[in-house]
Amino acid sequence: MPAVAGLREQGASKGAAAAFLTATPETGVDSVAVTWIILDPIMAVLRPLAAVLSAVLVGLTVDRAAAPEKPRPTLLPMAPAGTAPLSNPDAPRPSLAELGTRKRPPLRSRLASGLRYGFLELAGDVGPWFLVGVAVAGAVAVLLPAGFVEQYVGGRWGGYLLALLLSLPVYVCATASTPMAAAFAWQGLSPGAALVFLLAGPATNIAALTVTARILGKRETIVYLAALVVCALLMGVGADALYGALGATPTWSGGAAEEGAGVLDYAAAAVFLGLCGWSLLRKRRGKSCG
């Protein structure tokens, strides 16, 4: 939300802000990687593609429905009278040779920075949400019998509507929604219904919509929500059609035999928990020192 507010302050249209809200949660490297591991490669490709396509359609719809905006004053300072303009197209620019001589950090430093981000900062940002999603998914898998949704909801469209009802009230980030989608699919949701949950969950919730209404406007927020719901349903129908055409059975919905966890799985889980805890502890110490 702060990023969207900043985009609006910089002059982005309401449609562009709505597109940003739609696409950003689903196109991150972390959400795609988690989707590949927990769900399957098909969904890992479908998820960002569906998000980008939905973002374009939602943005265009919001722009067409948005009320005309008053022109914003320029944010660039004016040059004083009698002086050269602040942006001079004839000013000399550095050559490629000069740009090439700029010193880059050594490879060792860049690798250390990347590893520090991936194993410490990213683990602290994504880890807690992922653990929440795993906990909810585990509760769903244990408390509800397999096929519960398929038996009591019934029908593919019933699954789509259930996915929307589950995604709209509360906030579910893209990382946490992935294991939850897998758990609901194990209960009988189709791949398309799972995609509906993945698209609508991180982008819509009551708390975020109140902030969105202040940034975009009430009418534009209603259009944004309606367009997002329609796009999510269309993407869900397309996903089910694609899985049917390929004859693919998602292993995450009970199509494969259950495998027990090995020593490597437990070791990886322990390392992941340790990294999450260490990263959160470092952030808490940094805040207390600040």
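Here are legends for a set of close-up views of this predicted model.

Residue numbers start at 1 along each chain as its sequence is written, and side-chain values use heavy atoms, with hydrogens and water left out. Because this is a predicted model, local features need pLDDT of at least 70 and side-chain atom pairs count only at pLDDT 80 or more, while totals for chains, interfaces and linings use all residues.

**Figure 1. The whole protein is built from 13 helices and zero strands.** From the N terminus on, the elements simply run α-α-α-α-α-α-α-α-α-α-α-α-α; helices (H or I, at least four residues) and strands (E, at least two) are DSSP runs, numbered from the N terminus. Of the 290 residues, 35% count as buried, where buried means under 20% relative accessible area, exposed means over 50%, and partly exposed falls in between (1.4 Å probe, protein chains only). The protein exposes about 17300 Å², with carbon and sulfur atoms supplying 68% of that; areas come from the Shrake-Rupley method with a 1.4 Å probe, and for residues only the protein chains shown count as cover. Among contacts (heavy atoms within 4.5 Å) between residues at least 6 apart in sequence, 82% join residues at least 24 apart.

**Figure 2. Met43, Leu195, Val196, Phe197 and Leu199 touch the most other members of the 26-residue largest nonpolar core.** A nonpolar core is a set of buried Ala, Val, Leu, Ile, Met, Phe, Trp, Tyr and Cys residues joined through side-chain atoms within 4.5 Å. Helices α4, α8, α9 (174-186), α10 (191-203) and α12 (218-246) each chip in at least two residues, and α10 gives the most, with eight. Apart from this core lies another, of 15 residues, including Leu21, Val58, Ile215 and Leu228. Zooming in on Leu195, and skipping neighbours within four places in sequence, its contacts are Met43, Arg47, Ala50, Met235, Gly236 and Ala239.

**Figure 3. Trp157 and Tyr160 make the one aromatic pair in the structure.** The two rings meet edge-to-face, at 5.0 Å centre to centre and 85° between the planes. For the record, rings of Phe, Tyr and Trp (its six-membered ring) pair if their centres lie within 6.5 Å; planes under 30 degrees apart count as stacked, over 60 as edge-to-face and the rest as tilted. Both residues sit in helix α8 (residues 156-167), three residues apart, or about one turn of the helix. Trp157 is partly exposed at 48% relative accessible area, whereas Tyr160 is buried at 0%.

**Figure 4. Trp36, Ile37, Val45 and Leu49 make a nonpolar surface patch of about 470 Å².** Helices α3 (29-38) and α4 (41-65) each give two or more residues to the patch. Patches are made of residues with over 30% relative accessible area and no salt bridge (a side-chain nitrogen of Lys or Arg within 4 Å of a carboxyl oxygen of Asp or Glu); like charges are joined within 9 Å, and nonpolar side chains (Val, Leu, Ile, Met, Phe, Trp, Tyr) within 5 Å. Val45, found in helix α4, is partly exposed, with a relative accessible area of 44%.

**Figure 5. Phe20 is partly exposed in helix α2 (residues 14-23), a mostly covered helix.** Eight of the ten α2 residues are buried, among them Lys14, Gly15, Leu21 and Thr22. Phe20 itself has a relative accessible area of 31%. Not counting residues up to four places away in sequence, Phe20 touches Ala3, Val4, Leu7 and Pro25. Phe20 and Ala3 are 17 residues apart in sequence, and 9.1 Å apart in space, C-alpha to C-alpha.
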